[in-house]
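Thanks for coming, everyone. I would like to walk through some side-chain contacts and one enclosed space, and I will give the cut-offs as we go.

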Amino acid sequence: MGLRAVVFDLDGVLALPSLFSALDRAAEELVLPSGFLNKAFNKEGLGGSTVRLMKGEITYCQWVSLMEGDYRKYSEESGICLPKNFSVSQIFGKALSAKEINRPMLQAALTLRKKGFTTGILTNNYLDDSTRRGRLAQLIGELRPHFDFLIESCRIGMAKPDPQIYRFMLDTLKASPNEVVFLDDVGANLKPARDLGVVTILARNTNTALQELEKVTGMQLLETAAPLPNPCKPSDMSHGYVPIKPGVHLHFVELGSGPAVCLCHGFPESWFSWRYQIPALAQAGFRVLAIDMKGYGESSAPPEIEEYSMEVLCKDMVTFLDKLGISQAVFIGHDWGGMLVWNMALFYPERVRAVASLNTPFILANPKVSTMEAIKANPIFDYQLYFQEPGVAEAELEQNLNRTFKAFFRASDEVFLNTRNVREAGGLLVRTPENPSLSKIMTEEDIQFYVEQFKKSGFRGPLNWYRNIDRNWKWSCKSLGRKILIPALMVVAEKDKVLLPEMTKHMENWIPNLKRGYIKDCGHWTQIEKPNELNQILTEWLKTDARDPPLVSML
């Protein structure tokens with residue numbers, strides 16, 4: 001039978017640097033002989049404290065105290081003097097903190113799984129009760145969803161290189177040995193598997209290991225395009241409802257723990273537009289709250305136009321935070337959500353830990369030229385003028401929801417919606433096919449989710465966001481002279497035909513500490529079209545700019 005499963009070790013294969021290389025570096029820093037820490041670590045044999053740790057018989061903190069004694073005993077036997085600052089806890093804690101996911105190896109695993117291979121992780125792991133235990137949980141948590149199974153030695157009472165653990169792996173797979181490939185960075189861990197008939201690859205160098213994996217599987221694994229990140233599914237999410245005022249509530253989905261991040265979508269969307277970002281930001285160590293904005297999905301959709309002015313919407317967001325007991329949050333918005341988050345930063349900076357906008361520029365209000373005049377002067381925004389008369393655009397967009405969303409959600413090289421001369425043409429969709437093809441960035445299931453959401457809410461609420469242009473301008477004029485000095489990020493999409501990158505040119509005049517992200521070959525639907533690129537920009541920015549600041553005593 002042919003190969004049908006690939007199993008990866010964690011340390012040194014899916015996560016780098018390996019413990020052994022980290023120990024060698026620590027020995028060098030402590031001016032200890034080369035290999036000293038590794039030799040002492042491996043000296044005790046199958047009955048020692050490390051094996052007991054890996055089998056789950058003792059916890060990490062118990063093991064540390066035992067290893068302190070083992071290292072001191074070994075140093076005396078070897079005639080080596082340990083430095084005064086020698087600490088097993090610090091050495092191994094630092095090694096764990098330095099670990100990062102080996103992205104090329106993970107990408108190869110994702111490719112194999114997509115091609116029909118069963119993939120798994122077989123690792124010698126331990127029960128971590130240390131002060132840094134969150135790091136191991138985060139690492140495992142980020143990797144686990146991408147594999148069919150995870151076998152941790154400490155959960156099953158057996159550890160590599162005990163042959164029993166490889167038999168357990170085969171039983172889990174329900175596979176014959178010659179159907180399985182196993183990658184490990186320790187030769188001694190490969191021999192028992194190879195003796196059983198498993199195909200083994202020594203993975204001390206990622207490129208070399210992937211070349212061997214390509215040969216045995218017949219799959220191209222090097223230099224392949226990164227697969228899409230795993231999206232979250234509505235049925236798997238925790239849903240919440242926050243009362244804002246009588247008759248009005250906001251719906252949101254939530255994932256993760258840590259500093260709060262509020263995701264605010266645009267038109268005509270849903271919290272679901274953030275489906276690729278929610279897991280990634282949660283794994284990065286944040287509490288993610290993706291909101292159905294007012295008028296959308298399971299949030300309330302009051303019919304009054306003034307309910308959708310920026311002033312009211314921002315007050316709603318403050319109430320949203322208050323009701324959840326959140327004093328401050330990071331706000332990330334796209335399209336109209338971008339407009340909202342910039343206004344939150346201007347009018348409620350004390351509630352905004354950091355602010356990021358996708359595609360939507362920050363443009364200071366001009367007291368001499370109203371926003372409506374500026375819109376009338378720019379042909380790109382003719383669709384916004386078409387949206388002004390209540391009932392007109394609603395009738396067109398609600399007539400065939402399947403057509404509407406297949407026309408809207410398209411990649412940058414598939415666009416056929418034209419926002420110019422919409423009033424003259426008699427509608428936004430009149431120049432689009434009656435039965436548009438499905439875009440490469442959407443699935444039929446995705447489209448149907450939006451269809452069902454808008455069957456509930458309709459388009460009146462979403463379109464009312466466009467019907468407060470004069471109110472929003474007058475309110476924005478109250479902020480003249482203010483600058484945004486909190487951490488801020490502007491992400492532009494190269495091929496957005498409406499929110500053009502050049503519109504962001506002078507933002508540093510008003511946001512002097514602005515950071516920027518640029519996504520090539522991307523149209524308006526940034527979160528959906530280029531999720532890998534966006535996730536990388538957002539997670540890097542969040543980790544550097546959006547962590548909780550140190551508390552300063554007021555006394």
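R351 forms a salt bridge with D322, and the closest N and O atoms of this pair are 2.9 Å apart; by salt bridge I mean a side-chain nitrogen of Lys or Arg within 4 Å of a carboxyl oxygen of Asp or Glu. The pair links distant parts of the chain, since R351 is in the loop between α14 (336-347) and β13 (352-358) while D322 is in helix α13, 29 residues apart. Helices here are DSSP runs of H or I with at least four residues, strands are runs of E with at least two, and both are numbered from the N terminus. R351 counts as buried because its relative accessibility is 13%, whereas D322, at 45%, counts as partly exposed. Those words have fixed limits: buried means under 20% relative accessible area, exposed means over 50%, and partly exposed is in between, with a 1.4 Å probe and protein chains only.

Before I go further, please keep in mind that this is a predicted model, in which local features need pLDDT of at least 70 and side-chain atom pairs count only at pLDDT 80 or more, while totals for chains, interfaces and linings use all residues. Residues are numbered from 1 along each chain as its sequence is written, and side-chain values use heavy atoms, with hydrogens and water left out.

How many salt bridges does the structure hold? The total is 29, and as general background, side chains of opposite charge can pair when their charged atoms come close. Another of these salt bridges is formed by D521 with K495, where the closest N and O atoms are 3.1 Å apart. This pair also links distant parts of the chain, with D521 in the loop between β15 (515-519) and α23 (526-529) and K495 in the loop between β14 (488-493) and β15, 26 residues apart. D521 is partly exposed, with a relative accessible area of 36%, and K495, at 34% relative accessibility, counts as partly exposed too. Salt bridges that share partners also join K245, K294, E307 and D316 into one network.

Let me stay with that network for a moment. Within it, K294 forms a salt bridge with E307, and here the closest N and O atoms are 2.6 Å apart. Both K294 and E307 lie in the loop between β11 and α13, so the pair ties together parts that are 13 residues apart in sequence. Are these two residues buried or exposed? K294 is buried, and E307 is buried as well.

K294 has a further contact, in that its charged end sits over the ring of Y308, 5.8 Å from the ring centre. For this, NZ of Lys or CZ of Arg has to be within 6 Å of the ring centre and within 35 degrees of the ring normal. R275 gives another example, with its charged end over the ring of F272, 4.4 Å from the centre.

K294 turns up again in the lining of the largest cavity, together with L250, I291, D292, M293, L313, D316, M317 and L340. The elements that give two or more residues to this lining are β11 (287-292) and α13 (310-324), and the largest share, three residues, comes from α13. About 40 Å³ of space lies in this cavity, and a search of the whole structure finds one cavity of 30 Å³ or more. A cavity is a set of points on a 1 Å grid over the protein atoms alone where a 1.4 Å probe fits but cannot get out, and lining residues have an atom within 4 Å of a point.

Now to the aromatic rings, where a search of the whole structure finds 35 pairs. One of them is Y60 with W63, a tilted pair at 5.7 Å centre to centre and 40 degrees between the planes. Rings of Phe, Tyr and Trp (its six-membered ring) pair if their centres lie within 6.5 Å, and planes under 30 degrees apart count as stacked, over 60 as edge-to-face and the rest as tilted. Y60 and W63 are three residues apart in helix α4 (residues 60-78), which means that about one helical turn separates them. Y60 counts as buried at 7% relative accessibility, and W63 counts as buried at 1%.

Note on methods
On a 1 Å grid over the protein atoms alone, a cavity is a set of points where a 1.4 Å probe fits but cannot get out, and a pocket is an open set with protein on both sides within 12 Å along at least five of seven lines; lining residues have an atom within 4 Å of a point. Grid points are joined across faces, edges and corners, and a volume is the space filled by probe spheres set on the points.
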